[in-house]
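Colleague: Could you walk me through reading this one, feature by feature? I'd like the general idea, then the case at hand.

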2 protein chains.
Amino acid sequence: MMDADQTISDRIQEKLDDMTRAERQLALSILENYPASGLGPLAALAKGANVSVPTVARMVQKLGYKGYPEFQANLRDELGAIAKGPIAKHETWAEAAPSEHILNRFTEAVIENIRSTLAHIEPDAFDKACDLVADQNRHLYIVGGRITHTLAEYLFLHMQVIRPNLTHVQSTSNTWPHYLLNAQDGDVFVVFDVRRYENNTLKLAEMARARGATIVLFTDQWRSPVHRLADISLSSRIIVPSAWDSAATTMLLVESMISAVQILNWEKTKDRMEELEDIFDNTKLFRKFT
Amino acid sequence: MMDADQTISDRIQEKLDDMTRAERQLALSILENYPASGLGPLAALAKGANVSVPTVARMVQKLGYKGYPEFQANLRDELGAIAKGPIAKHETWAEAAPSEHILNRFTEAVIENIRSTLAHIEPDAFDKACDLVADQNRHLYIVGGRITHTLAEYLFLHMQVIRPNLTHVQSTSNTWPHYLLNAQDGDVFVVFDVRRYENNTLKLAEMARARGATIVLFTDQWRSPVHRLADISLSSRIIVPSAWDSAATTMLLVESMISAVQILNWEKTKDRMEELEDIFDNTKLFRKFT
DNA sequence: ACAATTGTGAAAAATTTATCACAGCCGGAG
DNA sequence: CTCCGGCTGTGATAAATTTTTCACAATTGT
């Protein structure tokens, strides 16, 4: 009947596919902080998952327990069993995998990158960069290279919703000189240039600079040559156990910037976002649920 | 008043000397199977320690708690904190900035996302996904949506170097049905679909499935509806203090996959990479030195 | 529009907690 | 040896909390 060797976590994950929205919401909430959240009162669990009390009661029974207390008892037993085994510390990230697994090694490197990047960053510079990017009076150019244009576009896509008056430039394309014709004093260039620094990007930055534009640079720890032209440089550590460099940390900075700019521009943005919602509704581009 | 950094275990051990017989008996029983035994009903704890109910009630109050429920609540909190591990405890990441600074709050959220994602991922599924993506006999289609096409392209750009026989499809474009004409049994679709799941992406996945293709899905913790069609789903936690969701964790998985596939295909890739180097040299796209 | 899912509010049932008074026990002091 | 004082268990009970269940309304997807 009930598989004894199976943890409640396993059992929940297994049924995750057959669950309805509220149930899944609840299930994920339980797994989120496992097993602590399941050991409190039923009502607290429901509240934490933003689900109604009956939903919890119903699901517990669907999972095969006579009632919530029985469910808790099993969780406690499980907990007791764990404690006796190896120490439950997070030695590895993906616990089911050995620590030499690429997932764990890679993750460890990324965490280290983040730590190091954040330790060296100047919050003032970051804030200034955000102010510049948020300023709707300045035209915003976002520039990426061969690989980094994906980051540039990620920033561009979000900025497009937050503010008007911006352009995405791909420095590897041969059309970029056209964009520069319109650049003027006071405009802002957000430039991405990481290892394997690109000549085109440098040239573009030089010309932008010559036209009196302000340059915000996302680069790596060794810094693109563009940094000499940049008013603000934000560098990330990008080392991972791979033949390639990691963009994950730069992505984190970019997303933080998006969030910060969003907040700075919230009043102006609100309407734009609502309009966007309407358009999405009309085009049925997105699904509402499940 | 109450030392916050002290675990209940510490606190009990500290007072162990000043305790009476029954209390000590109870205390040792709690520590015996810590913290599981303390999370059950009071009566069960009393029975387990061979002491009376009032003894437990009395001691809990002596330890400084208003009542048994409060004691339990603290135990649960402690348990939750342990599970998060040492890295998540970081007070501030950018030390020069206050902990309320967006950089710190954002980073903390991303770290938590990474932790939670890695804790729930199935390494076997990940490995299988990498094998599929590395298999050069299968045509590889990489599919992204409105925002996620940047991730898709990031994967595509790297895969392009590592292996031949692949296509980048943007599900929001209206040209994707053309690509499907060529899809056949055994081909692999890597699909990106995160919150604000897109109808086009779902349709595309359905058709791919109908044509006998294998689907690897990158999604969020709530899972795109595509996951029912997918052979392998890799879900990331994407919650950050922002109006938007975070792609940083998904990026980490993608980069791990790139690294893993790179290793699997190293023999075959080596030549391709050298060729690429030559081309880059000839086009002088990159700078040799700073 | 229909069927399934979920939330609301409430009430009843069950369990758990907190106390109390009292009796028994134990060790040590006299 | 006896008495004393503190500790502990018993059994009972009241209070508080928690669980369980209901009927019905609201929501949402098909």
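Modeller: Sure, starting with pairing: two strands pair if DSSP finds at least two bridges between them. The elements are DSSP runs too, with helices (H or I) of at least four residues and strands (E) of at least two, numbered from the N terminus. Bear in mind that this is a predicted model: local features need pLDDT of at least 70 and side-chain atom pairs pLDDT 80 or more, while totals for chains, interfaces and linings use all residues. Residues are numbered from 1 along each chain as its sequence is written, chains are lettered from A and ligands numbered from 1 in the order in which they are written, and side-chain values use heavy atoms, leaving out hydrogens and water.

Colleague: In which sense do β1 of chain A and β2(A) pair, and over how many bridges?

Modeller: Strand β1 (residues 140-144) of chain A pairs with β2(A) in the parallel sense, over five bridges. Within that pair, V143(A) sits opposite V169(A) of β2(A).

Colleague: And what is the order of the strands in the open sheet of chain A?

Modeller: The five strands of chain A run β2-β1-β3-β4-β5, with parallel pairing in an open sheet. At the edges you find β2 (166-170) and β5 (232-236) of chain A, each pairing on one side only. For angles, axes are lines fitted to C-alpha atoms (for helices, over the stretch in contact), and the angle between N-to-C directions runs from 0 to 180 degrees. From one strand to the next, the twist averages 15 degrees. Then there's α11 (residues 248-264) of chain A, a helix that packs on the sheet and touches β3 (188-192), β4 (214-220) and β5 of chain A. Contact here means heavy atoms within 4.5 Å. The direction of α11 in chain A makes about 135 degrees with that of β5(A).

Colleague: What order do the strands of the open sheet in chain B take?

Modeller: In chain B, five strands form an open sheet ordered β2-β1-β3-β4-β5, and the pairing is parallel. Its edge strands are β2 (166-170) and β5 (232-236) of chain B. Strand β4 (residues 214-220) of chain B pairs with β5(B) over five bridges, in the parallel sense. For a concrete bridge, take F218(B), whose partner in β5(B) is L234(B). Helix α7 (residues 123-134) of chain B packs on this sheet, touching β1 (140-144), β3 (188-192), β4 and β5 of chain B, with its direction at about 120 degrees to that of β5(B). Helix α11 (residues 248-264) of chain B packs on the sheet as well, where it touches β3, β4 and β5 of chain B.

Colleague: Now the DNA: how many residues surround DNA strand C, and which are the closest?

Modeller: A residue is near a strand if one of its heavy atoms lies within 4 Å of it. That gives 18 residues around DNA strand C, the closest being T20(A), A22(A), T55(A), L42(B) and Q61(B). Of the strand C atoms within 4 Å of the protein, 84% belong to sugar or phosphate and the rest to bases.

Colleague: Which atom of DNA strand C does the side chain of R58(A) lie 3.4 Å from?

Modeller: For polar contacts, look for a pair of N or O atoms within 3.5 Å; within protein, one must be able to donate a hydrogen and the other to accept it, and residues adjacent in sequence count only if both atoms are side-chain atoms. An N or O atom in the side chain of R58(A) is 3.4 Å from a base nitrogen of DNA strand C. T55(A) puts a polar side-chain atom 2.6 Å from a phosphate oxygen of strand C. With L42(B), a polar backbone atom is 2.6 Å from a phosphate oxygen of DNA strand C.

Colleague: What about the backbone: which residues does a cis peptide bond join in chain A?

Modeller: Most residues other than glycine have a negative phi, and most peptide bonds are trans. Here a cis bond joins Y34(A) and P35(A), with omega about -5 degrees. P35(A) belongs to the loop between α2 and α3 (42-48) of chain A. Chain B has a cis bond between Y34(B) and P35(B), with omega about 0 degrees. As for phi, N50(A) has a positive value of about 55 degrees although it isn't a glycine. You'll find N50(A) in the loop between α3 and α4 of chain A.

Colleague: Last one: which residues does M273(B) touch?

Modeller: Leaving out residues up to four places away in sequence, M273(B) touches W244(A), V161(B), Q262(B) and W266(B). M273(B) itself lies in helix α12 (residues 266-283) of chain B.
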